[in-house]
Each structure stands twice: as C-alpha cells, then as structure tokens.
Amino acid sequence: PVIKICANPETYNKLAEDMDVNAGIIIEGKATVKEVGKTIYDQVIRVANGNMSKSEELGHKEFILTYKTFDGAGSTTALGPSCLR
C-alpha cells in the first residue's frame with residue numbers, strides 16, 4: 001500500500017481525497033512535528049492492520065518501471081522516461 005503524506009497545505013486541499021496525511025498543518029501552526037509524526041505512525045499501523053489507504057480506496061494501482069540500460073539526461077539514445085531524456 002501507498003500512504004501519501006503531503007506537506008503543502010494548498011496541494012493537500014486540492015487533492016485531499018487522495019492524501020492520507022496533511023503534514024502541511026505544521027507550517028500552518030495547527031500541529032507540531034511530533035503530533036503529525038504520531039498521525040503518520042497511527043496511519044501506518046491502521047494500514048498494516050488491514051485498513052485501506054486513500055489510494056487503495058480509490059482503486060489506484062501504482063507500479064514502477066525498471067530499465068536495463070539508461071544513459072542519463074541529455075542523451076539522444078537514452079532509454080527510459082521521456083521526461084529524463
């Protein structure tokens with residue numbers, strides 16, 4: 001499962017339905033680092049005990065692509081995501 005933690009209050013507000021923890025409340029002065037840390041810990045425990053994360057509830061299926069070779073950014077022969085070419 002993916003547990004999404006957002007530290008930007010504006011981003012969290014726009015994507016709240018897909019975020020598990022709003023860490024941006026620290027910079028807004030609404031919570032301490034320790035309090036948000038406890039929230040994150042509690043969320044990890046809930047998910048580990050079988051509760052779904054927001055991504056799971058929405059049916060998201062994240063995956064990772066791996067590449068056998070990668071020449072890096074700027075290479076005309078690079079294999080990999082076009083954003084890194």
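Biologist: Is Lys38 buried, partly exposed or exposed?
Modeller: Happy to start there, keeping in mind that this is a predicted model. The relative accessible area of Lys38 is 46%. Buried would need under 20% and exposed over 50%, so Lys38 counts as partly exposed.

Biologist: Which residue forms a salt bridge with Lys38?
Modeller: Look further along helix 2, where the two partners sit four residues apart, separated by about one helical turn. Their closest N and O atoms are 2.8 Å apart, and the cut-off for a salt bridge is 4 Å. The partner, at 24% relative accessibility, counts as partly exposed. The residue is Asp42.

Biologist: What length does helix 2 reach from its first C-alpha to its last?
Modeller: Helix 2 runs over residues 33-48, which makes 16 residues. At 1.5 Å a residue, 22 Å is expected, and the model comes close to that. The helix reaches 22 Å.

Biologist: Which residues of helix 2 are buried, and what do they pack against?
Modeller: The buried residues are Val36, Gln43 and Val47. They cover an arc of only 30 degrees around the axis, which puts them on the same side of helix 2. Their packing partners are strand 2 (21-22) and helix 3 (54-57).

Biologist: Which exposed residues does the face turned away from that buried side carry?
Modeller: Exposed here takes a relative accessible area over 50%. On the face of helix 2 turned away from its buried side, the exposed residues are Lys34, Tyr41 and Ala48.

Biologist: Which residue just after helix 2 takes a positive phi?
Modeller: Helix 2 covers residues 33-48, so to speak the stretch to step past. Just after it, a phi of about 110 degrees appears, and the residue is Gly50.

Biologist: Which residue meets Lys4 in a salt bridge?
Modeller: This pair links distant parts of the chain, 14 residues apart. Lys4 lies in the segment before strand 1 (5-6), and its partner in the loop between helix 1 (9-14) and strand 2. Both residues are buried, and the N to O distance is 2.8 Å. The partner is Asp18.

Biologist: How many salt bridges are there in the model?
Modeller: Besides Lys4 with Asp18 and Lys38 with Asp42, Glu28 and Lys30 meet at 3.7 Å, N to O. In that pair, Glu28 counts as partly exposed at 37% relative accessibility, while Lys30 counts as exposed at 62%. The count comes to three.

Methods. Residues numbered from 1 in each chain as written. Predicted model: local features only at pLDDT ≥ 70, side-chain atom pairs only at ≥ 80, totals over all residues. Heavy atoms only, no water. Helix = DSSP H or I, 4+ residues; strand = E, 2+ residues; numbered from the N terminus. Expected span 1.5 Å × (residues − 1). Buried < 20%, exposed > 50% of the residue type's maximum accessible area, 1.4 Å probe, protein only. Arc of directions from axis to C-beta. Contact = heavy atoms within 4.5 Å. Salt bridge = Lys/Arg side-chain N within 4 Å of Asp/Glu carboxyl O.
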